[in-house]
Amino acid sequence: MNIRNSAKAILISDEQILLTKNKDNEGDFYLFPGGGQEHGETIHNALIRECIEEVGHQVKVGELLHIREYIGKNHEHSSFDFNVHQIEYYFVCTLSDEKDNYHKPTNPDTNQVGIEWIAIKDLLEYRIYPKELRKYIIKYSNNEKAPVYLGDIN
């Protein structure tokens, strides 16, 4: 299997973060907007495209905040992610238009049922993947240092 690159957006405004809302047999869960890089596409262009597809907003890509590996066989969803090995690049982004200027996503993910702004102070109360990233986002919002490379976390 190949290793897949993925670009993810950390979109923060007014002490809230924008996530995609998804549903599975366990209920609601949330993901950071973004997705796989296509051949011939820069990682920034992949992120811009994915945000239009998943949250309906054009974004400005800022600093690289974290790099996370996901080796599926090592985690709770190994039954269906066994062959997945993905490297995710998490960038701080800003919306190119107003936060409340809703646009319909052009190509949402299969389990996606919407988007939602969640208060950063409440992140630990939600089922968000990767789970470990919640604490790093809280640190970031409090201007605390955190490593860039997070390793194989979920």
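Strand 5 is a good place to start: with four residues, strand 5 gives the most to the lining of the second largest pocket. Keep in mind that this is a predicted model.

Which residues line this second largest pocket? From strand 5's part of the chain and beyond, the lining is made up of Glu-63, Leu-64, Leu-65, His-66, Tyr-136, Tyr-140, Glu-144, Lys-145, Ala-146 and Val-148. Strand 5 and helix 3, which spans 133–141, are the elements that give two or more residues to this lining.

Now for the largest pocket. Its lining has 27 residues, and those closest to the centre of the pocket are Phe-29, Leu-31, Tyr-70, Asp-81 and Gln-86. Several elements each supply at least two residues of this lining: strand 1 (4–13), strand 2 (16–24), strand 3 (27–31), strand 4 (34–36), strand 5 (59–71), helix 2 (78–81) and strand 6 (85–95). Which element gives the most to the lining of the largest pocket? That is strand 6, with four residues.

Here are the two pockets side by side.

| Pocket | Volume | Lining residues by class |
|---|---|---|
| Largest pocket | About 770 Å³ | nine nonpolar, ten polar, eight charged residues |
| Second largest pocket | About 170 Å³ | six nonpolar, one polar, three charged residues |

Strand 5 is worth finding in the structure, as strand 5 supplies at least two residues to the lining of the largest pocket and gives four residues to that of the second largest pocket.

Notes: Residues numbered from 1 in each chain as written. Predicted model: local features only at pLDDT ≥ 70, side-chain atom pairs only at ≥ 80, totals over all residues. Heavy atoms only, no water. 1 Å grid on protein atoms, 1.4 Å probe; cavity = no way out; pocket = protein on both sides within 12 Å on 5 of 7 lines; lining within 4 Å. Points joined across faces, edges and corners; volume = space filled by probe spheres on them. Nonpolar A, V, L, I, M, F, W, Y, C, P; charged D, E, K, R; others polar.
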